[in-house]
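Visitor: I would like a close look at a single part of this model, followed by an account of its surroundings. Please take me through it with care.

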Amino acid sequence: MNAKVWLVGAGPGDPELLTLKAVKALSQADVVMIDDLVNPAVLEHCPGARIVSVGKRGGCRSTPQAFIHRLMLRYARQGKCVVRLKGGDPCIFGRGSEEADWLGAHGIEVEMVNGITAGLAGATNCGIPLTLRGVARGVTLVTAHTQDDSTLNWQALAQSGTTLVIYMGVAKLADIQAGLLAGGMAPDMPVAMIESASLPEQREFRSSLLRMQADAVAFALKSPAILVIGAVAATGLQADLPLSRQA
Ligand code: SAH
């Protein structure tokens, strides 16, 4: 039997946002290797599988990537059906392609299964359309966290005319705010901060580019959270609520 690893997106948290294909892969799995951001509730689809946690959150004790690679390879070479389960989509800030390339180079067949990425789910759950005719002609997914501490081209982002969806931004709010303001974005540009999107504990907070850092402190915004920055971030609010509100 050919060794095979499924690289599967578990979606943003709500177990009902899992794809049918992800459920099928899970139901066939002998081993499931999961990240921290995966909601353990999805494991109901693989009751017989061995579950291996290989989470790695920024700043916390983490499983080295090389170890994860070797473990996937070992299980696959034992002929086991391996599911590598990642939060959201495997290839949106998820290192899915790195893992696929590495496994491929070692002769292992890989099948990738999309998941709903947190930015999409968070915006939808807050009633925010990421694109909107006449308002936002596109959407840019950005991470504020870089491995080499290089800076983003904030000016290009500020002037792109697209909705910005920022991942891993909670610890970088000051840089994001300063970069976009210096890049020419309007201080009153609407911002939505969405924490634990799609989970029962989801919280959202509406702010503006100028106030977002102070508002995030007042709101005690914590990871995992995404930021939606752009004119569309003012939509989805009930008319009788002030711009800033706690869900
Ligand atoms: N592959 C994942 C992203 C992993 S990077 C995806 O497609 O969603 C981790 C970042 O994703 C977090 O720092 C946060 O910015 C975002 N994130 C993941 N799950 C989230 C959730 N339920 N709510 C809000 N943000 C989330």
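Visitor: With which residue does glutamate 111 form a salt bridge, and how far apart are the closest N and O atoms?

Guide: The partner of glutamate 111 is lysine 4, and the closest N and O atoms of the salt bridge are 2.8 Å apart; a salt bridge here is a side-chain nitrogen of Lys or Arg within 4 Å of a carboxyl oxygen of Asp or Glu. Because glutamate 111 belongs to strand S5 (residues 109–113) and lysine 4 to strand S1 (residues 4–9), the pair ties together parts that lie 107 residues apart in sequence. Helices (H or I, at least four residues) and strands (E, at least two) are DSSP runs, numbered from the N terminus. This is a predicted model, in which local features need pLDDT of at least 70 and side-chain atom pairs count only at pLDDT 80 or more, while totals for chains, interfaces and linings use all residues. Residues are numbered from 1 along each chain as its sequence is written, and side-chain values use heavy atoms, with hydrogens and water left out.

With a relative accessibility of 22%, glutamate 111 counts as partly exposed, a class that lies between buried (under 20% relative accessible area) and exposed (over 50%), computed with a 1.4 Å probe and protein chains only. The contact to lysine 4 also has a wider setting, since a network of salt bridges links Lys4, Lys21, Glu109 and Glu111.

The structure holds 11 salt bridges, and two further ones can be set beside this pair. In one of them, the side chains of glutamate 99 and arginine 84 meet at 3.0 Å, N to O, and this pair links distant parts of the chain, with glutamate 99 in helix H3 and arginine 84 in strand S4 (residues 81–86), 15 residues apart. Both glutamate 99 and arginine 84 are buried. In the other, glutamate 204 and arginine 206 bring their side chains together at 2.9 Å, N to O, and both of these residues are likewise buried.

Helix H3 (residues 96–105) has a further contact to describe, for its axis and that of helix H2 (residues 65–77) come within 10 Å and cross at roughly 50°. Axes are lines fitted to C-alpha atoms, for helices over the stretch in contact, and angles run from 0 to 180 degrees between N-to-C directions. H2 and H3 are therefore oblique to each other, given that angles under 35 degrees count as roughly parallel, over 145 as roughly antiparallel, 65 to 115 as roughly perpendicular and the rest as oblique. H2 passes H3 in a right-handed crossing, meaning that the near helix is turned clockwise from the far one by less than a right angle, whereas anticlockwise would make it left-handed. Elsewhere, helix H6 (residues 173–182) packs with H7 at an angle of about 160°, their axes being 9 Å apart, so H6 and H7 are roughly antiparallel to each other. Here too the crossing, in which H6 passes H7, is right-handed.

The loop between S4 and H3 holds phenylalanine 93, whose phi is near 50°, a positive value in a residue other than glycine. Arginine 95 lies in the loop between S4 and H3 as well, and its phi is also positive, at about 60°, although it is not a glycine. Phenylalanine 93 is partly exposed, with a relative accessible area of 36%, and arginine 95 is partly exposed at 31%.

Phe93 also joins Val139, Leu141 and Met168 in a nonpolar surface patch of about 310 Å². Such patches are made of residues with over 30% relative accessible area and no salt bridge, like charges being joined within 9 Å and nonpolar side chains (Val, Leu, Ile, Met, Phe, Trp, Tyr) within 5 Å. Leucine 141 is found in strand S6 (residues 139–143) and is partly exposed, with a relative accessible area of 33%.

A further backbone feature concerns proline 224, which is joined to serine 223 by a cis peptide bond with omega of about 0°. Proline 224 sits in the loop between helix H7 (212–219) and strand S10 (225–229). Another proline, proline 190, is in strand S8 (residues 190–195) and counts as buried at 16% relative accessibility. The C-alpha atoms of proline 190 and isoleucine 229 are separated by 6.1 Å, although these residues are 39 apart along the chain.

Technical notes. Accessible areas come from the Shrake-Rupley method with a 1.4 Å probe; for residues, only the protein chains shown count as cover.
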